[in-house]
Amino acid sequence: PPGTMSGSGPETPQPSDAAEVRLQEAERDWAAAKAFYDNLVTKRPRPPKPQHAITVAVSSRALFDLVEERRIYEEQGLEKYVEYQQNNENVTLKPGPAFYFVKALMHVNARLLELYPDDEERFDIVLMTNNHAQVGVRLINSINHYGLTIERFCMTGGKSPIDYLKAYLTNLYLSADSEKVQEAIEAGIASATMFSANKDVAYSDTQLRVAFDGDAVLFSDESEQIFKEQGLDRFFEHEQLNENKPLAQGPLKGFLEDLGKLQKKFYAKNERLDCPIRTYLVTARSAASSGARVLKTLRSWGLEIDEALFLAGAPKGPILVKIRPHIFFDDQMFHIEGAQKLGTIAAHVPYGIAQKYHKSA
C-alpha cells in the first residue's frame with residue numbers, strides 16, 4: 001500500500017506485544033525512580049508500586065471537614081472558593097468522615113513494615129480530589145499537620161476522577177460526592193459515599209475495624225431482589241433451596257479479599273491474636289432462615305470474616321455502637337442514617353435493587 005516501507009526493519013508490535021512493551025517501560029520507570037529515591041535519606045516509608053499495593057483513593061471532602069468551604073463554593077462560586085482556601089492555607093482542616101479510617105490504615109502499614117520491611121503489599125492512600133491545584137497547599141499543610149502518609153495526590157480541577165482511579169489501580173474509592181461514587185461503581189470500581197457520625201466516639205488506634213453489610217455489598221443483590229419483589233417468605237424459601245449455591249460477588253467483595261490477604265500475613269507471623277485488622281458482617285438476615293448460604297458463600301471464596309452478626313431485621317445502629325468500626329458499608333440509606341445517629345461513620349454503596357426503591361421513595 002502507499003506509504004509503506006520495505007526492508008528488514010523491526011516489525012510493528014502486535015496488540016499482544018504492546019501490553020508487554022508498556023509493562024517493560026513501566027518497570028524501567030519504577031527502577032529509575034527507585035534508584036533516585038534510594039539515594040535520599042529519609043525515614044518516611046516510600047509508596048509501594050500500584051500493582052503490589054492495596055490502593056485506597058480518598059476525596060478531600062471525605063478526608064477533611066470541608067462543609068464551610070463547600071458552602072462558599074456553592075453560594076459564591078469557584079473563584080471565591082479558591083481565594084478563601086489560599087487565604088486560609090495555614091489553617092488546619094478538621095478531620096472528615098474518612099480520617100480515622102485512613103489513620104487505621106496507616107497503623108496496619110506500620111505493623112506490616114515491622115514484620116515485612118521489604119514487602120510492598122500494603123495500603124497506599126491516594127488523595128483523589130476534583131479540587132484545583134491552587135487549593136493543594138492547604139491540603140498538604142493539613143496532611144502534614146496530622147502526620148498522614150499520603151504521598152500521591154491527584155487534583156483533577158473539576159474533571160471526573162474515573163480514568164485516574166483506573167490508572168492508579170484503585171481498590172477502594174471513598175468520596176462525599178454521591179454522583180462520582182455512582183460513576184465509579186458503574187465503572188466497576190469498589191466505591192462508597194462517606195457520611196459523618198452525628199456523635200463523637202472513640203475509635204481504636206491499634207486495630208482497623210471494617211463492618212460490611214451482606215447483600216448488594218459483599219454479595220450481589222440477587223436475593224435482595226426476591227425479598228423486595230416477592231416478600232420475606234419467598235426470600236427464605238429461595239435461600240434454603242439455594243443454600244449450597246454460592247452467591248455472586250458484590251462490589252466490596254474484592255476489598256474484603258484484600259483485607260484477608262493482609263490478615264494472613266499477620267497470622268503467618270503468629271500474630272493472629274494481635275492482628276491489627278478485624279472484619280465484621282452485619283446483616284439484616286436471619287441466621288436460622290437464611291444465614292447458612294452467606295457463610296457457605298464466604299467459605300467457597302476462601303474468605304474468613306472475624307465476626308458475623310445476623311440481626312433478623314433488628315436495627316444495626318446499636319450493634320455498630322458496640323463494634324465501633326472505622327467504617328461501615330451498607331447499600332441502604334435507612335441503615336446508613338440509623339448508624340449515623342448513634343455515632344457510626346457509614347459509607348453508602350449505591351448498588352443493586354435497593355437504589356431503585358430509594359429513588360422511587
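A disulfide here is a pair of cysteine sulfur atoms within 2.5 Å. I started with that cut-off, then ran the search over the whole structure, which is a predicted model, and got zero disulfides. I still looked up two of the cysteines. Cys-154 is buried at a relative accessible area of 7%, and Cys-275 also counts as buried, at 6%.

**Helix α6**

Next I went to α6, residues 136-146, and asked which of its residues are buried. I noted Gly-136, Arg-138, Leu-139, Ser-142 and Ile-143. Why do they sit on the same side of α6? They do because the arc they cover around the axis is only 165°.

Then I checked what this buried set packs against. My list has three helices, α2 (60-63), α3 (67-76) and α4 (78-87), plus the strands β2 (123-129) and β3 (152-155). Just past the end of α6 I found Gly-147 with a positive phi of about 70°.

**Positive phi without glycine**

That sent me after residues with positive phi that are not glycine. Leu-169 is one of them, at about 55°. I found Leu-169 in the loop that runs between α7 (162-167) and β4 (170-175). Its relative accessibility is 44%, so I logged Leu-169 as partly exposed.

Arg-324 also has a positive phi of about 55° and is not a glycine. I placed Arg-324 in the loop between α13 (317-323) and β9 (327-330). With a relative accessible area of 38%, Arg-324 goes down as partly exposed.

**Strand β4 and its partners**

From Leu-169 I moved on to β4. Is this strand largely enclosed or open? I wrote down "largely enclosed by the rest of the structure", because five of its six residues are buried.

I then looked at the pairing on β4. Strand β1 (residues 54-58) runs parallel to β4, with four bridges between them, and Thr-55 stands opposite Thr-170 of β4. Strand β5 (residues 191-195) is also paired with β4 in the parallel sense, over three bridges. Here I noted Leu-174 opposite Ala-192 in β5. To get from β4 to β5 the chain passes through helix α8 (residues 178-186), and I recorded this β-α-β crossover as right-handed.

**Aromatic pairs**

Last job: rings. How many aromatic pairs did I get? The count is nine.

I opened up Phe-219 and Trp-301. Their ring centres are 5.5 Å apart and the planes meet at 40°, so I called the pair tilted. Phe-219 is in the loop between β6 (208-212) and α9 (222-230), while Trp-301 belongs to helix α12 (residues 287-301), so the pair ties together parts 82 residues apart in sequence. Both rings belong to buried residues: Phe-219 has a relative accessible area of 0%, and Trp-301 is at 18% relative accessibility. The cut-off matters for Trp-301, since buried means under 20%.

Then I took Phe-255 with Phe-329, an edge-to-face pair at 6.5 Å centre to centre and 70° between the planes. This pair also links distant parts of the chain, with Phe-255 in helix α11 (residues 253-267) and Phe-329 in strand β9, 74 residues apart. I have Phe-255 as buried at 1% relative accessibility, and Phe-329 as buried with a relative accessible area of 0%.

My final entry is a cluster: ring pairs join Phe-64, Phe-99, Tyr-100, Tyr-146 and Tyr-203.

Key
Residues are numbered from 1 along each chain as its sequence is written. This is a predicted model: local features need pLDDT of at least 70, side-chain atom pairs count only at pLDDT 80 or more; totals for chains, interfaces and linings use all residues. Side-chain values use heavy atoms; hydrogens and water are left out. Buried means under 20% relative accessible area, exposed over 50%, partly exposed in between (1.4 Å probe, protein chains only). Helices (H or I, at least four residues) and strands (E, at least two) are DSSP runs, numbered from the N terminus. The arc is that of the directions from the helix axis to the C-beta atoms. Contact means heavy atoms within 4.5 Å. Two strands pair if DSSP finds at least two bridges between them. A crossover is right-handed if, with the strands pointing away from the viewer, the path from the first strand over the helix to the second runs clockwise. Rings of Phe, Tyr and Trp (its six-membered ring) pair if their centres lie within 6.5 Å; planes under 30 degrees apart count as stacked, over 60 as edge-to-face and the rest as tilted.
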